[in-house]
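Here are a few short exercises, each with a worked solution. Have the model open beside you and try each task before reading on.

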Amino acid sequence: MSTTILAVILLSSVGLIAGIAIFVANRILPKEDASLQKANEIKERLPGADCGACGKPGCFAYAQAVAKDVEILDDSPCRILASDEDATQALGEYLGIDLSNAGPGSKAVVHCTGDSPRIGSYSGVQSCAAAVQVGAGEKECPYACVGYGDCATVCPVNAISIDGEKNIAVVDWETCIGCGMCVAACPRGLIELIPVETPQYLGCNYQAAKDIAGRKKCSVGCIHCRICVRSSENGEVEWDDKKDLPQFSETLATNAIEKCPRKIIIKTSAHPSDNDPENPPKD
Amino acid sequence: MSELIAIFFSMALVNNMVLVKFLGLCPFFGVSKKTSSAFSMGIAVMLVMLVASAVTWPLFHLLLVPYGFEFMRTVIFILVIASLVQIIEMSIKRTNMTLYNALGIYLPLITTNCAVLGITFINIDQNYGFAASIAAALGAGVGFTLVLLIMSGIRERLDLADTPKVFKGAPIAFLIAGLLGLAFLAFGGMVG
């Protein structure tokens with residue numbers, strides 16, 4: 001027989017044997033573990049951001065934990081899931097439990113509205129964590145956002161952008177899923193997770209107790225005048241003596257927002273009707 | 001034994017797959033952006049190299065050589081390695097989900113990677129025995145993982161550095177690869 005034909009036979013038979021081997025392996029090997037299959041199905045109903053805010057290394061690990069014990073949904077809730085009602089309901093239906101009282105989610109806010117004058121030029125490693133270690137950044141205010149976007153880098157949904165003009169981080173309220181990755185990333189601790197129903201927050205973190213010099217550091221810094229406390233008749237705003245910054249309750253402090261000389265009490269977008277002149281609030 | 005150790009180090013450093021033999025360059029650039037994925041890739045390549053060497057050596061010496069079919073080694077090896085990796089992937093998926101998640105997409109990706117095919121040919125061209133082939137495959141896998149880890153570590157730091165715009169991304173990676181290759185040339189002549 002010629003070599004060509006033998007070569008063809010050899011190749012086909014090796015291919016056939018390999019095929020049979022795969023077939024046999026498929027039959028012999030145990031089927032996929034049932035709990036793993038369940039974990040896989042739960043994972044499909046999770047946000048899949050692998051943010052780690054729940055304390056588990058990624059969504060699959062969380063799904064495995066949920067597959068083992070449903071209680072974990074209460075003990076260490078998935079914050080992203082909580083902000084998405086449809087997804088919560090879908091997971092609840094799959095698991096056969098009621099998750100509707102899991103509570104609303106959170107959103108991240110940046111306690112800085114920028115505008116602190118630059119007093120230096122930094123050209124080192126382009127990260128906030130590195131920049132604050134070298135001469136505390138470029139800006140005069142030691143509480144200001146450094147603006148190299150460490151928070152934007154870790155954000156799994158790209159909700160954070162850097163305002164190029166003021167060089168500060170801006171969180172998009174709608175896109176934010178409240179995972180809290182940015183809170184850990186900010187070396188200045190300027191980012192905070194607040195419940196979605198919070199009506200307002202302060203766009204400044206200048207705490208130097210009773211230091212009116214805040215006025216000089218930045219045109220939108222809190223000057224600790226306490227007009228917000230005085231103008232809130234029903235005690236919506238209280239003064240936090242420790243931080244020397246106002247503290248808001250869960251009701252909208254309309255007067256305080258208007259009276260603030262620096263206009264840094266910022267309404268969250270959770271109350272769109274208040275911002276919309278065509279749909280004034282009912283009460 | 002000392003010969004096996006010499007072969008191991010020769011394949012890992014002196015004749016490094018990526019930087020000296022220029023094999024497996026696609027994963028070297030494609031999967032070296034993050035250290036974690038570079039490590040998974042390295043482990044997957046090492047595993048497949050070991051299995052491929054262990055299977056192709058007897059196949060070549062017991063089947064192809066006696067019947068004079070040495071010229072068919074390329075196509076036969078590709079076929080055998082590809083189906084083997086299929087079976088390995090299947091068994092890992094069914095038995096150890098954690099390992100499967102760690103190796104992820106990389107296992108099927110490298111079924112017939114040139115570095116994997118390369119090590120089986122080197123084993124035959126160098127007339128290595130079975131044990132020597134395994135040592136060579138292990139060395140090549142370790143060398144590959146080492147280079148991938150070095151490269152990913154450098155690239156992770158480069159991402160933060162203020163690189164000139166024209167060099168950002170791939171160009172600086174190629175430059176780094178060249179410098180790494182120069183560094184590895186220094187191993188030349190160390191082991192037989």
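**Exercise 1.** What percentage of the 192 residues of chain B count as buried?

*Solution.* Start with the ground rules: this is a predicted model, where local features need pLDDT of at least 70, side-chain atom pairs count only at pLDDT 80 or more, and totals for chains, interfaces and linings use all residues. Residues are numbered from 1 along each chain, chains are lettered from A in the order in which they are written, and side-chain values use heavy atoms, without hydrogens or water. Next, apply the cut-off: buried means under 20% relative accessible area (1.4 Å probe, protein chains only). The result is 47% of the 192 residues of chain B.

**Exercise 2.** Describe the secondary structure of chain B.

*Solution.* Take helices as DSSP runs of H or I with at least four residues, and strands as E runs of at least two. Chain B then has 9 helices and 0 strands.

**Exercise 3.** Characterise the interface of chain B and chain A.

*Solution.* First, list the residues in contact (heavy atoms within 4.5 Å): chain B brings 21 and chain A brings 23. Second, take the buried area, the accessible area (1.4 Å probe) that two parts lose on being put together, summed over both. This is about 2,000 Å², with 79% from carbon and sulfur atoms. Third, find the contributing elements: helices H3 (35-64), H4 (73-95) and H5 (97-103) of chain B each supply at least two residues to the side touching chain A. H4(B) gives the most, with 12 residues.

Conventions:
Buried means under 20% relative accessible area, exposed over 50%, partly exposed in between (1.4 Å probe, protein chains only).
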